[in-house]
Amino acid sequence: MPHVVNAQTAPRSPRPGRAAEAACEVVELLEVLWDRGRDAAPVAPVSASQLRVLYSLEREQGINLRRLGEILGSSPPSVSRLCDRLEALGFVERTPSPVSRRELMLNLTRRGAAYLRELRVQREEVLRSVIESMPPDSRAALHDGLEAFRDAVERNALIHKTPRTDRTA
């Protein structure tokens with residue numbers, strides 16, 4: 001006898017377009033929450049563009065300006081200016097490449113890594129307060145959905161996988 005699924009037992013599965021709309025709304029809310037976390041960090045906050053540089057260098061230490069520009073979708077002069085500012089803050093360092101005398105490697109410094117750790121702690125605290133107010137089954141569904149989303153992003157190679165060591169959020 002075939003299994004019959006009725007509307008009450010069928011899992012809800014919104015169309016991809018509706019799910020994308022909901023994700024956009026959540027991203028906008030997260031941006032507001034992220035700013036709260038960034039403002040609470042002990043060091044003066046960096047811009048969103050500078051933060052993208054730090055995240056990129058965390059994933060790919062030792063890359064050059066050209067590669068960073070490809071990752072960010074920015075021109076070399078723009079990337080260079082972003083790195084200048086981050087170097088002045090002590091978050092990024094440029095070192096000569098062992099392969100080419102004309103090329104510089106970009107690395108996240110200990111101070112830059114510490115900034116990202118603290119930022120994640122602050123942001124996680126903000127998110128935790130919201131998530132704690134959700135019913136347990138909704139928290140479980142959120143967790144499962146976010147893991148599936150992250151896996152899909154990585155499968156589609158939109159962002160290189162970030163090692164989870166030293167990460168709290």
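**Figure 1. Helix α2 and helix α4 where their axes cross.** In this predicted model, helix α2, which covers residues 48–59, approaches α4 so that the two axes come within 10 Å and cross at roughly 80°. The two helices α2 and α4 are therefore described as roughly perpendicular to each other, given that angles of 65 to 115 degrees count as such. On the α2 side the contact involves Ser49, Gln50, Val53 and Leu54, and these meet Leu82, Cys83, Arg85 and Leu86 of α4. Sorted by type, the residues of this contact between α2 and α4 comprise 5 nonpolar, 2 polar and 1 charged.

**Figure 2. Helix α3 packed with helix α4.** Helix α3 spans residues 65–72 and helix α4 spans residues 76–88, and the pair packs at an angle of about 105° with the axes 9 Å apart. That angle makes α3 roughly perpendicular to α4. The residues that meet are Leu65, Leu68, Gly69 and Leu72 from α3, and Val79, Ser80, Leu82 and Cys83 from α4. In the contact of α3 with α4, 6 residues are nonpolar and 2 are polar, while no charged residue takes part. Leu82 and Cys83 of α4, shown here in contact with α3, also belong to the α4 residues that meet α2.

**Figure 3. Asparagine 107 and its surroundings in strand β2.** Asparagine 107 is placed in strand β2, a stretch that runs over residues 104–108. Its relative accessibility is 15%, and asparagine 107 therefore counts as buried, since the cut-off for that term is under 20%. A polar atom of the asparagine 107 side chain lies 3.0 Å from the backbone nitrogen of glycine 62. Apart from neighbours within four places in sequence, the residues in contact with asparagine 107 are Leu57, Gln61, Gly62, Phe91, Val92, Glu93 and Thr95. One of these contacts, Leu57, falls in helix α2, which takes in residues 48–59.

**Figure 4. The whole chain as the setting for the close-up views.** The secondary structure of the chain amounts to 6 helices and 2 strands, and along the sequence these elements follow the pattern α-α-α-α-β-β-α-α. Of the 169 residues in the chain, 23% are buried. Among the contacts with a separation of 6 or more, 55% are between residues that are 24 or more positions apart. The area that the chain exposes is about 11900 Å², and 56% of this area is supplied by carbon and sulfur atoms.

Methods
Residues numbered from 1 in each chain as written. Predicted model: local features only at pLDDT ≥ 70, side-chain atom pairs only at ≥ 80, totals over all residues. Heavy atoms only, no water. Helix = DSSP H or I, 4+ residues; strand = E, 2+ residues; numbered from the N terminus. Buried < 20%, exposed > 50% of the residue type's maximum accessible area, 1.4 Å probe, protein only. Polar contact = N/O pair within 3.5 Å; in protein donor to acceptor, adjacent residues only side chain to side chain. Contact = heavy atoms within 4.5 Å. Areas by Shrake-Rupley, 256 points an atom, 1.4 Å probe, with all protein chains shown as cover. Axes fitted to C-alpha atoms, helices over the stretch in contact; angles between N-to-C directions. Parallel < 35°, antiparallel > 145°, perpendicular 65-115°, else oblique. Nonpolar A, V, L, I, M, F, W, Y, C, P; charged D, E, K, R; others polar.
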